[in-house]
Every structure is written in structure tokens, then in C-alpha cells.
Amino acid sequence: MQFVRPEIFHVAATYVDQEEMEQYLQALEAPWSTDAANTAEQLIEVAGRLCYRSFKPGLNKNVSKVREGNQPYLTNILNSKHGSVLEHGSDSYIFFNVSRVFTHEVVRHRAGCSYSQESLRYVRLDELRCSYPRVFERIEDEKKREHIKNLWIKHFESCEALQLELAQTLDLDLDNKTFEEKKKLTSAMRRLAPMGLATSILMTANHRVWRHLIQLRTSRYAEEEIRMVFAQVFEEQKKCYPNIYQDAILQEVDGIPEIIFKNEKV
Ligand SMILES: Cc1cc2nc3c(=O)[nH]c(=O)nc-3n(C[C@H](O)[C@H](O)[C@H](O)COP(=O)(O)OP(=O)(O)OC[C@H]3O[C@@H](n4cnc5c(N)ncnc54)[C@H](O)[C@@H]3O)c2cc1C
């Protein structure tokens with residue numbers, strides 16, 4: 001067995017074709033530019049301004065003045081809970097070395113979320129990896145702390161030995177088995193794998209969802225692993241998109257950041 005740490009990889013983000021965007025603005029007869037520092041915030045601003053033709057005063061005769069600047073524009077979007085425009089920007093993350101507990105919880109989020117998860121029907125468990133819960137590491141009594149860690153290691157090692165013995169008994173490594181047969185047997189064997197097993201999941205979601213999930217999953221009432229992972233997601237999102245995440249309020253709870261948004265669930 002091997003101890004690992006959950007990691008996040010921010011593998012994809014929103015792309016804007018600037019030439020096409022320029023052509024749209026010309027078609028609308030609205031020469032306009034933004035100080036947005038990234039394409040997601042640019043696209044969200046365009047989506048909002050498109051709704052009211054508020055690229056410049058007078059383009060829509062009802063609009064006599066417009067907000068200038070991406071940051072104040074997005075402040076207004078968030079304050080007025082015009083959250084649907086946030087759905088135009090999305091990001092993909094690979095959550096690597098997270099447990100099956102994590103993946104089981106995260107896939108409960110449905111609206112605006114897409115997932116691809118490592119299949120344990122196909123992937124053989126010949127080496128079990130896991131992260132060790134921080135809550136056990138924080139036990140003050142050293143003897144108790146070590147005893148629990150030893151129990152954990154013993155259990156994981158015996159689960160790993162069991163997988164290897166099953167594979168050997170079922171002749172999984174011999175060439176006389178088709179891939180289909182191997183898949184069926186691997187799928188049955190995974191039932192004996194522990195929930196703490198490290199695995200990976202690719203998740204794509206839009207900014208309306210990321211905001212909602214960051215708040216729900218960094219909450220002190222959520223599980224520590226998912227809290228730690230979503231605290232990393234928040235840090236990355238805030239760094240990349242300061243205007244979208246501008247209303248975040250952060251405090252540490254049990255050594256992990258807990259994030260709430262002034263404009264909750266936009
Ligand atoms: C701390 C914590 C503990 C949890 N504990 C448990 C538990 O013990 N057992 C358990 O089963 N689950 C548990 N959950 C999961 C929880 O019940 C939700 O399924 C999960 O948080 C997904 O919620 P969501 O708002 O992102 O839903 P999504 O399905 O992603 O929907 C997003 C939003 O769309 C709206 N929406 C979606 N579907 C509907 C609908 N049918 N009708 C009306 N509005 C809708 C809602 O506003 C919802 O918030 C827990 C979640 C958290 C954060």
C-alpha cells in the first residue's frame with residue numbers, strides 16, 4: 001500500500017474566439033472592449049450586456065448610462081443574482097488521489113456538472129493507495145495516534161494481499177482469459193476494496209456551480225477530504241477569476257478554509 005495526498009489539476013477553461021467576438025460587436029454596431037483579465041470574465045460580461053444591449057449608452061434607447069469595467073459589472077451581476085450568465089464560463093478539474101468517499105459525494109451535484117470517473121470494472125487493484133485522514137493525525141495521545149495508524153495500514157495491506165490472491169486464484173494474469181472475462185472478475189473483486197481507496201475523477205462545471213459547490217463543500221459540516229479539495233479549487237478559481245469570486249468571505253475552521261459568498265447561490 002502507499003499513502004498519497006489528494007491533488008487537483010486545473011486542466012481546461014473557457015476559450016473565446018476574439019475575432020468572432022469582434023465581428024458580433026461590429027454587427028451590433030457596438031464598438032466595445034473590456035478590461036477583463038481572462039476569457040471567462042470577458043464572456044460573462046458579454047452575456048450580461050447582450051441581455052440589455054448595454055455595451056454603450058443609447059444602443060438600447062432605454063439605457064442612458066452603462067457600467068464601465070469588468071469588476072463593477074460583475075459586482076452588479078452577483079448582487080442582483082443574475083447568476084445564469086455565470087454559466088457561460090466553465091472549468092475542468094481532475095481530482096487525483098481522492099477517495100471513493102469523495103467521488104461518491106461529489107457526483108451528487110447534478111445541475112451543470114459533468115463527470116468521468118476511473119472505472120474499477122476495468123482497472124485492477126494490485127496496489128492500493130489511500131490518503132490518511134487528518135483527523136486521525138490530530139489525535140493528541142501519541143500511543144492512540146500510532147495504534148490507529150497501524151490498524152489502518154494493517155487493513156489496507158490485507159485488502160491489497162486479498163486482491164493479489166484473488167487475481168492469482170482466478171488466473172487473471174494468464175493469457176487464456178478474454179478481456180471480457182477479466183472485466184467481469186475485476187468488477188466482482190472491487191467489492192472487497194475499501195472506500196478510502198485513492199482514485200480519480202474529471203469534473204467540468206460552470207462558475208455558477210463552482211461557487212455553489214465551494215460554499216457547500218468547504219463548509220465546516222462537510223467531510224474533511226472534500227473540504228480540503230474544494231478549498232484548493234477555491235484558491236485556484238479566485239486566482240484565475242478574481243472578479244467572479246470577488247464576494248468570497250474566508251475563515252479557517254479546524255485548520256481548513258471555509259468559504260461563504262456574500263451573494264449566496266446566485
Ligand atoms: C454537508 C453535506 C452533507 C450531506 N449529507 C448527505 C446525506 O447524509 N445523505 C444524502 O443522501 N445526501 C447528502 N448530501 C448531499 C445533498 O443532499 C445533495 O444531494 C447534494 O449536496 C447536491 O446538492 P445540489 O444543491 O448541488 O444539487 P443539484 O442536484 O446539483 O442541483 C443544483 C440546484 O438545482 C436545484 N434543483 C435540483 N434538482 C431539483 C429538484 N428536483 N427540485 C427543485 N430544485 C432542484 C436546487 O436549487 C439545487 O441546489 C450532503 C451534502 C452536504 C453538502
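## Opening question

Which residue in β6 stands opposite Y115? The partner of Y115 is M203 in β6. That puts us in the sheet, so to speak, but first a word on the model. This is a predicted model, where local features need pLDDT of at least 70, side-chain atom pairs count only at pLDDT 80 or more, and totals for chains, interfaces and linings use all residues. Residues are numbered from 1 along each chain as its sequence is written.

## The sheet

Four strands make up an open sheet in the order β2-β3-β6-β4, with antiparallel pairing. (Strands are DSSP runs of E, at least two residues, and helices are runs of H or I, at least four, numbered from the N terminus; strands pair at two DSSP bridges at least.) The edges belong to β2 (7-12) and β4 (113-117), each with a single partner strand, so one side of each has no neighbour in the sheet. On average, and with direction ignored, neighbouring strands are turned by 20° against each other. (Axes are lines fitted to C-alpha atoms, for helices over the stretch in contact; angles run from 0 to 180 degrees between N-to-C directions.)

Walk across from the β2 edge. β2 joins β3 (residues 90-99) through five bridges, and the two run antiparallel. Within that pair, I8 has F95 of β3 as its bridge partner, while A12 has S92 of β3. Next, β3 and β6 pair over nine bridges, again in the antiparallel sense, and S90 finds its bridge partner in N206 of β6. At the far end, β4 and β6 are antiparallel too, with five bridges between them; Y115 opposite M203 in β6 is where we started.

## α8, the sheet and α9

Helix α8 ties several parts of this picture together. α8 lies across β3, β4 and β6 (198-206), running at about 125° to β6.

α8 (residues 207-218) also packs with α9 (residues 224-240), at an angle of about 140° and with the axes 8 Å apart. That angle makes α8 oblique to α9 (under 35 degrees is roughly parallel, over 145 roughly antiparallel, 65 to 115 roughly perpendicular, the rest oblique). On the α8 side, the contact uses W210, L213, I214, R217 and T218; α9 brings I226, R227, F230, A231, V233, F234 and Q237. (Contact means C-beta atoms, placed from the backbone, within 7 Å.) Sorted by class, the residues of this contact are eight nonpolar, two polar and two charged. (Nonpolar: Ala, Val, Leu, Ile, Met, Phe, Trp, Tyr, Cys and Pro; charged: Asp, Glu, Lys and Arg; polar: the others, Gly among them.)

## α2 against α3

Another helix pair to look at is α2 (residues 39-52) with α3 (residues 70-79), packed at about 60° with axes 10 Å apart. That makes α2 oblique to α3. From α2 come E41, I44, E45 and G48, and they meet N70, Y73, L74 and I77 of α3. The tally for this contact is four nonpolar, two polar and two charged residues.

## Around the ligand

Which residues surround the ligand? They are R108, H109, R110, A111, L216, S219, Y221 and A222 (C-beta atom, placed from the backbone, within 6 Å). By class, this shell holds four nonpolar, two polar and two charged residues.

Conventions:
Two residues are in contact if their C-beta atoms, placed from the backbone, lie within 7 Å.
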